[in-house]
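Dear colleague,

Please find below the structure that I am handing over to you. My account of what was found in it follows directly after.

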Protein chains: 2
Amino acid sequence: MDSMTIMVRKQTAADQALRLDNQICFAVYSTAHAFNRVYKPLLDRLGLTYPQYLVMLALWERDDVPVKDLGERLFLDSGTLTPLLKRLEAAELIRRTRSTEDERVVLIALTQQGQALREKAKAVPQSILAASDCTVGELLAMKDEIVALRDRLNAVLGE
Amino acid sequence: MDSMTIMVRKQTAADQALRLDNQICFAVYSTAHAFNRVYKPLLDRLGLTYPQYLVMLALWERDDVPVKDLGERLFLDSGTLTPLLKRLEAAELIRRTRSTEDERVVLIALTQQGQALREKAKAVPQSILAASDCTVGELLAMKDEIVALRDRLNAVLGE
DNA sequence: GCGAATTCAATTGCGAACAATTAAATGTGA
DNA sequence: TCACATTTAATTGTTCGCAATTGAATTCGC
């Protein structure tokens, strides 16, 4: 063999960029799954999946809203929300009623049980905080960075 | 009305923590979806979905590996990977062969076409970089923070 | 060696997630 | 007014993602 250097494959920037652990998207993707797995046992006690929990969070802040509104707040479309909301309705946590003013609109409102579940849900965030092994400050700072990234990505999609 | 203060609902820490936009998990979750939507048109040209692209990235680094190996690198289990890998096999990008040494193991290897696709994929990361509207340095720093968070979450799950 | 536990992939069933389409209601412009 | 576009949910079909189970192969304890 003449020289080792001849055998060494040139590592271009493009090669580096294709490495799995260089990808921020994979970092985000795998962290989302990790969160999901941490949330699961907590949410099982509430009888909710994580996306259902997100819908409930949104409704606890403001309910009697169209499906469209929820979709914009959660970045989800009707193809995802319609069946999910039907399951929440079957669980008697929400009511779905068609608006009288505009019959295209379905309004989502909390039931008594849906309201009541909020109290049980209060224990969830602190459990997650503990699992993250971070301070509130660290998490908030990180959250702001991630949201900024998300909003830039969504801005590109809107073009 | 006696006093406004009586009417103001006391905002406890628990209430604050339940706000949708205070949740880092929602930030991560919604950013993952935003990435997915940005990747979609790029990956369509390669004939891959995002999870399939992740599998290919892993295989371009090291192939002839058991399904289990892939699962550990991508944090996915056989319930997700088996059908996904069958689709990649149908697309003739990979081969699935049962190991002769241990017949429980299915080894995943790239085909010629699977290898070749790597060249086409090189254009993807730079497009994502552009869409993120961040510098490489910013993204790498953020990636490291997110990965650290993910690893702490996964550590809790492992207990 | 031999029975029990473990490992590994596949399968089944359910719940997202989204693209594309459909259908109904509403709005708009000539 | 009336054709036409727009808005809004719902539906359909495909692909993840995971829990739970199955079944085959291997390893371990004794």
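In this predicted model, a polar side-chain atom of Tyr29(B) is placed 2.4 Å from a phosphate oxygen of DNA strand C. Arg96(B) likewise has a polar side-chain atom 2.4 Å from a phosphate oxygen of this strand. From chain A, the side chain of Gln52(A) brings an N or O atom to 2.6 Å from a phosphate oxygen of DNA strand C. In total, 28 residues surround the strand, and Tyr29(B), Arg96(B) and Gln52(A) are among the closest, together with Thr49(A) and Arg37(B). Of the atoms of DNA strand C that come within 4 Å of the protein, 77% belong to sugar and phosphate.

The surface near DNA strand C draws at least two residues from each of H4 and H6 of chain A, and from each of helix H3 (24–44), helix H5 (67–74), H6 and strand E2 (94–98) of chain B. By class, its residues are 8 nonpolar, 8 polar and 12 charged.

I turn next to DNA strand D. Here 29 residues lie around the strand, the nearest being Tyr29(A), Arg37(A), Arg96(A), Thr49(B) and Arg87(B). Sugar or phosphate supplies 81% of the strand D atoms within 4 Å of the protein, and bases supply the rest. One contact to a base involves Ser78(A), which has a polar side-chain atom 2.9 Å from a base nitrogen of DNA strand D. Phosphate oxygens of the strand are approached by the side chain of His33(A), with an N or O atom at 3.4 Å, and by a polar backbone atom of Glu103(B), at 3.3 Å. The residues of this surface comprise 9 nonpolar, 8 polar and 12 charged.

The two protein chains also meet each other. Each contributes 58 residues to the contact, and about 6000 Å² is buried between chain A and chain B, 70% of it on carbon and sulfur atoms. On the chain A side, the residues that lose the most area to chain B are Leu18(A), Tyr29(A) and Leu153(A), which together account for 11% of what that side buries. Tyr29(A) thus appears both here and among the residues nearest to DNA strand D.

Between the chains there are 2 salt bridges. Arg19(A) forms a salt bridge with Glu61(B), with the closest N and O atoms 3.8 Å apart. There are also 8 residue pairs in polar contact. The side of chain A that touches chain B has 37 nonpolar, 7 polar and 14 charged residues.

With kind regards

Methods:
Residues are numbered from 1 along each chain as its sequence is written. Chains are lettered from A and ligands numbered from 1 in the order in which they are written. This is a predicted model: local features need pLDDT of at least 70, side-chain atom pairs count only at pLDDT 80 or more; totals for chains, interfaces and linings use all residues. Side-chain values use heavy atoms; hydrogens and water are left out. Contact means heavy atoms within 4.5 Å. Buried area is the accessible area (1.4 Å probe) that two parts lose on being put together, summed over both. A salt bridge is a side-chain nitrogen of Lys or Arg within 4 Å of a carboxyl oxygen of Asp or Glu. A polar contact is a pair of N or O atoms within 3.5 Å; within protein, one must be able to donate a hydrogen and the other to accept it, and residues adjacent in sequence count only if both atoms are side-chain atoms. Ala, Val, Leu, Ile, Met, Phe, Trp, Tyr, Cys and Pro count as nonpolar, Asp, Glu, Lys and Arg as charged, and the others, Gly among them, as polar. A residue is near a molecule or strand if one of its heavy atoms lies within 4 Å of it. Helices (H or I, at least four residues) and strands (E, at least two) are DSSP runs, numbered from the N terminus.
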